[in-house]
Amino acid sequence: MSEASAPHAADRRELTAAQRNAVAELLRVSPVADELGRRFADAGHELHLVGGSVRDALLGRLGDDLDFCTDAHPDQTLRVVKGWAESIWETGREFGTIGCQRDGLRLEITTFRAEAYDQVSRNPVVEYGTSLTEDLKRRDFTINAMAVSLPAHRFTDPHGGLDDLAARVIRTPGTPAESFGDDPLRMLRAARFAAQLRFAVHPDVRAAMSRMAADLDRITAERIRDEFTKLLCGADPITGLRLLVDTGLADRFLPELTGLKLEIDEHAQHKDVYEHTLTVVANAVSYETDGCDFVLRMAALMHDVGKPATKAVGSDGRVSFHHHEVVGARLTKARMKAMRYPKDVTAQVVKLVGLHLRFYGYGRGEWTDSAVRRYATDAGDLLARLHKLTRSDCTTRNRRKAAALAADYDALEERIARIAAEEDLARVRPDLDGNAIMELLGVPPGPVVGRAWKHLKELRLERGPLDRDEAEAELLRWAREQGIGG
């Protein structure tokens, strides 16, 4: 074992703790797991808890989704679980997987596999294997290549996964080139595990990721999207993002991230946009209160992607990025569409990117109540996220400037809260509805009603709530100016 992956004496103590964690976690699920193991044994088959489930048990974070492998083929697995499982699904049958549920646990049972790849296709050709050893060898990383037999609880670790778990290192069972050649998505998974587990990627694995980054082009956008989402939602997304950029993987599916590394010269000083962006992502994570907020994290990641295209150096040598939020919103929409993100998720991220600069200038005292209303209503149900994004975007090292910006935003939030309490900003509507507009103007449903409604909403944003008489008078005044008879 190389020095990079050899555990130190302190790590050996961690192994003991990891093993204690595993015992506690396995005891929690063993009534179901062992019962299932006995059913497979009675039918003449093996059953092993495997992969991420063993890893997470050792880390003390085993969830309610358990992965098993067996020498039984899917039809045989179905016979074993029928009548015992509370529900069964066969969506993964073509990959040898049968899923079922029992006592609140979701169980996925997969036939030993010996996958064959043609180095071109995007998905593996599934071939059933005949042994646990063969199955473990084909797994992505050593920390995912451990197994516990059921119900005997024999531990199998042919590739040193336990040592790598203690050393907190990500390594492949075989050579990285073989592993990534089989499935290039594993390169992205390495970065994802680094982000999720705060593990280091072994130098050999990292070097292969750099050499083979272009192979990621063989993978579908959907599979890349899913891995990237898990990476960004990891406990340490910054480590994962740096890996993507440093190895060239980001260039294959998110080139805007690498593009943030703008050249900085002594004549045109500006902050390092790439480093600033990573800091904003980290800040956004610190504002989360209930797990990962992907929309907030993605908006933080993309908020300045419009800067490279809008960078300009003035005659005074100062750098500007005029309208980079508009360009950034457009680039974000195109990139998320290419990555096959749902339209509603994309729309939220794009909106936040487009609004992230709106706050600047508030401290100059120029904002009227009308401007505050527009800020809140334009953000709509994204207002809370916009607050967090805007605060995250303040990365200045100048303490006085940072304190001033924070105080300004505190004042803006207080002002929004006050106006919201008075006017129900969450549901700003014109003071007259469509029926009242049609009755007052004597017009049928159609474009005129829509134009009148829009005018009254603008008036509402500008002046706040109007009483009925004022609203009617304003509508009739507008109608006369438009030449609309009532």
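**Entry 1: strand β1 and its partners**

I looked up the pairing of β1 with β2: three bridges join these strands, and they run antiparallel. This is a predicted model. Which residue of β2 is the bridge partner of Leu 49? I found Phe 68.

I then turned to β1 and β6. These strands are also antiparallel, with three bridges between them. Here I noted that Val 50 of β1 has Ala 147 of β6 as its bridge partner.

Next I checked where the side chains of β1 (residues 47-50) point. Leu 47 and Leu 49 go one way, His 48 and Val 50 the other way. In a regular strand, side chains alternate between the two faces of the sheet. Are the four residues buried or exposed? I found that all are buried.

**Entry 2: the largest pocket**

I moved on to the largest pocket. It holds about 1,500 Å³ of space. I counted 42 lining residues. Nearest the centre lie Asp 67, Glu 108, Arg 113, Arg 139 and Arg 189.

Which elements give two or more residues to this lining? They are α2 (52-58), β2 (65-70), β5 (105-111), α7 and α9. Helix α7 gives the largest share, six residues.

I sorted the lining by residue class. It has 21 charged residues, 11 polar and 10 nonpolar.

Where does the pocket sit relative to the domains? Domain 1 (13-166) and domain 2 (168-262) both contribute to the lining, so the pocket lies between them.

**Entry 3: salt bridges**

I searched the whole structure for salt bridges and got 26. Side chains of opposite charge can pair when their charged atoms come close. I wrote up three of the pairs.

Asp 140 bridges to Arg 189, with the closest N and O atoms 2.6 Å apart. This pair links distant parts of the chain, 49 residues apart. Asp 140 is in the loop between α4 (132-137) and β6 (147-149), while Arg 189 is in helix α7 (residues 185-197). Asp 140 has a relative accessible area of 7%, and buried means under 20%, so Asp 140 is buried. I met Arg 189 earlier, among the residues nearest the centre of the largest pocket.

I also found a network here. Salt bridges link Asp 140, Arg 189, Arg 192 and Glu 227.

The second pair is Arg 223 with Asp 183, at 3.1 Å between the closest N and O atoms. Arg 223 belongs to helix α9 (residues 221-232), and Asp 183 to the loop between α6 (176-182) and α7. They are 40 residues apart, and again distant parts of the chain are linked. I compared their accessibility: Arg 223 is partly exposed at 23%, whereas Asp 183 is buried at 9%.

The third pair is Arg 391 and Asp 410, which meet at 2.6 Å, N to O. Arg 391 sits in helix α19 (residues 383-392) and Asp 410 in helix α20 (residues 399-423), 19 residues apart. Arg 391 is partly exposed, with a relative accessible area of 22%. Asp 410 is also partly exposed, at 35%.

**Entry 4: helix α14**

Last, I checked α14 (residues 294-302) for burial. How many of its nine residues are buried? Nine of the nine are, so the helix is largely enclosed by the rest of the structure. The buried residues include Phe 294, Leu 296 and Met 302. Arg 297 is also among them.

Conventions
Residues are numbered from 1 along each chain as its sequence is written. This is a predicted model: local features need pLDDT of at least 70, side-chain atom pairs count only at pLDDT 80 or more; totals for chains, interfaces and linings use all residues. Side-chain values use heavy atoms; hydrogens and water are left out. Buried means under 20% relative accessible area, exposed over 50%, partly exposed in between (1.4 Å probe, protein chains only). A salt bridge is a side-chain nitrogen of Lys or Arg within 4 Å of a carboxyl oxygen of Asp or Glu. On a 1 Å grid over the protein atoms alone, a cavity is a set of points where a 1.4 Å probe fits but cannot get out, and a pocket is an open set with protein on both sides within 12 Å along at least five of seven lines; lining residues have an atom within 4 Å of a point. Grid points are joined across faces, edges and corners, and a volume is the space filled by probe spheres set on the points. Ala, Val, Leu, Ile, Met, Phe, Trp, Tyr, Cys and Pro count as nonpolar, Asp, Glu, Lys and Arg as charged, and the others, Gly among them, as polar. Domain bounds come from an automatic or database domain assignment. Two strands pair if DSSP finds at least two bridges between them.
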